[in-house]
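Got your viewer open? Load the model, switch to cartoon view and keep the selection box handy.

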Amino acid sequence: MTINRGIAAAALVAAVSGATSANAFEFGYAGFAQKPGITLGGGTAGAPPPGLYSFNQVFTYQSNLVGPGAPNVGGASTPVHAAVEASGLLWVPGWTIFGATYDAVIVQPWIMADVGSPINVQQAGMHNTYIVPAELSWKLGDSGFFVKTGLGIYVPNGSISGPAGLNSVGNPWWTFQPELVVSYLKDGWNLTANFFQEINTANSITGYRSGDVFHAEFTATKIIGNWTFGPVAYYAGQVTDDKSSAFYGNAINVNRYNIWAGGGLVGYNFGPAALTVWATHEFSANASGGNAGPPGIDTASITRGYSVFANLSFRLWGPDAPPASQKRPMFTK
C-alpha cells in the first residue's frame, strides 16, 4: 500500500553527511502513509450487495528522488524502488444508517523497498495495518450519483525498529484518514473523485510529527462488455508543516511537497472474479521546506516515477451471488 519514508530520509542522510548530524531530521518516512493511486482501480462511492469480499492488490513503484536535497552520483538521480502486496477484506452486512449503506474494511500490506547509490538501503517487512471501522454510502435516488464518507486508520503495529522506530517499513504513530468520495455510476460509467487526508500523530519515540497530506484521486472509466477502460489521475501534497522535536534539535525534514500523476486503467470481468490493472506516471513532483543541512541549503526531497498496480477481487460469502460486474473490485479509501 505504501512505501516507507526510510527511502527518502535515508537519501537525506547522504545529502547532508559531513555538514550536520545524521540525527538532523526524521529518519525513516517517505512522505505519505498511503501510496498515491491505490484507490484508482475501483474505489467508488457505491457499495456492493451484502456479503464478505476479498481482494489482493500488488504494485511496483519505480522512481527517483527529486528536490533540492536529492543526492546524486555524477549527476545521476538516486533510484528508489518498491514492491508491495496487500490482502484485504470488505464486509457489507446490509445495515442502513442515516439512510446510507454501511461497510467496513481491513487491509494488511507487506513491503519490499530499496534505495540505490549513494544510499544503498534495503528494507522489507509488514507495514501498519489499515482499518476502516465505518464507511457510509448514500445513493442519490436514480440519478446515478453516490456519496460516501468514512474514516480509515493506520495502526502502528508494523515492522518497527531502530532508535527512532523507523529503521524498517512500519511507522511508530497513528495515521487517521477521513474521506469523501463522489461517484457517478450509471450506464457503465464510473466517474469518481476520491478525496482524503492523512492526519498523523507524533512519533511515539522521537516526538516528531509529520505534516498532513491531502490526496485527490480521479477515475473516468466505461464498461464495454466484460472490459473496462479509462483514464486515471491523482494529486498528493503536504498541506501542513512538520513539527520537529528536541530529539532532532528541532530541525525539519520537509515541510511541503506536491505530486501530480496521470495514467490509464483496464479491467476484465471473469464472472467469479474481477481483475483490474492500472498504471500511472508522476509527471511533476517538487519538495521544499527542509532545514536539516547547512545554512542556505534546503534538504527536502520526494520521489517521482511510475507505478503499475493490479487488483484481483472476488466475493467470499453473501446471501445472493451477484454478477461480477456488481462486485467491488477493491476497497475504497
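Is Asp241 buried, exposed or partly exposed? Select Asp241 and you'll see a residue that is partly exposed, with a relative accessible area of 36% (buried is under 20%, exposed is over 50%, partly exposed is in between, using a 1.4 Å probe and protein chains only). Now add Arg256 to the selection: Asp241 forms a salt bridge with Arg256, their closest N and O atoms 3.0 Å apart. A salt bridge here is a side-chain nitrogen of Lys or Arg within 4 Å of a carboxyl oxygen of Asp or Glu. The pair links distant parts of the chain, 15 residues apart, with Asp241 in the loop between strand E13 (227-238) and strand E14 (256-269), and Arg256 in strand E14 itself. Arg256 counts as partly exposed too, at 33% relative accessibility.

Before going on, some ground rules. This is a predicted model, where local features need pLDDT of at least 70 and side-chain atom pairs count only at pLDDT 80 or more, while totals for chains, interfaces and linings use all residues. Residues are numbered from 1 along each chain as its sequence is written, and side-chain values use heavy atoms, with hydrogens and water left out. Helices (H or I, at least four residues) and strands (E, at least two) are DSSP runs, numbered from the N terminus.

**Colour by confidence**

Next, colour by pLDDT, the predictor's confidence in each residue on a scale from 0 to 100. The protein averages 86, and 86% of the residues score at least 70. Select residues 1-25: pLDDT stays under 50 there, and the model gives this stretch 91 contacts beyond four places in sequence (a contact means heavy atoms within 4.5 Å). Then select residues 323-333, where the pLDDT is also below 50. Where pLDDT is low, the predicted coordinates should not be read in detail.

**Walk through the strands**

Select residues 100-115, which is strand E6. Two strands pair if DSSP finds at least two bridges between them. Bring in strand E4 (residues 79-92): E4 and E6 run antiparallel and are joined by 12 bridges. Click Glu85 to find its bridge partner in E6, Trp110. Stay on Trp110, since there's another partner to pick up: Met126 in E7. Strand E7 (residues 121-126) is antiparallel to E6, with six bridges. The E6 and E7 hairpin has five residues between its strands, and Asn120 takes a positive phi near 55 degrees.

Now try strand E5 (residues 96-97), which is joined to E6 by two bridges and runs antiparallel. Thr96 has Thr101 as its bridge partner in E6. Two residues separate the strands of this hairpin, and Phe98 in the turn has a positive phi of about 55 degrees.

Moving on, show strand E8 (residues 129-139), which pairs with E6 in the antiparallel sense over six bridges. Asp103 finds its E8 bridge partner in Glu135. From E8, step to strand E9 (residues 145-155): nine bridges join these antiparallel strands, with Ala134 opposite Leu151. The E8 and E9 hairpin has five residues between the strands, and Gly141 in the turn shows a positive phi of about 60 degrees. One more step takes you to strand E10 (residues 175-186), antiparallel to E9 and joined to it by 10 bridges; Lys148 has Val181 as its bridge partner in E10.

**Zoom in on Thr129**

Show Thr129, found in strand E8, as sticks. It counts as buried because its relative accessibility is 8%. Its side chain makes a polar contact of 2.9 Å with that of Asn157 (N or O atoms within 3.5 Å, one able to donate a hydrogen and the other to accept it; residues adjacent in sequence count only if both atoms are side-chain atoms). Leaving aside neighbours within four places in sequence, its contacts include Ile106, Pro109 and Tyr154.

**Finish with the charges**

The model's salt bridges come to five. Select Glu282 and Lys35, whose side chains meet at 3.8 Å, N to O. Glu282 lies in strand E15 (residues 273-288) and Lys35 in the loop between helix H1 (6-16) and strand E1 (51-66), so the pair ties together parts 247 residues apart in sequence. Both count as buried, Glu282 at 2% relative accessibility and Lys35 at 0%.

Last stop: Arg209 and Asp212, a salt bridge with its closest N and O atoms 3.3 Å apart. Asp212 counts as buried, at 9% relative accessibility.
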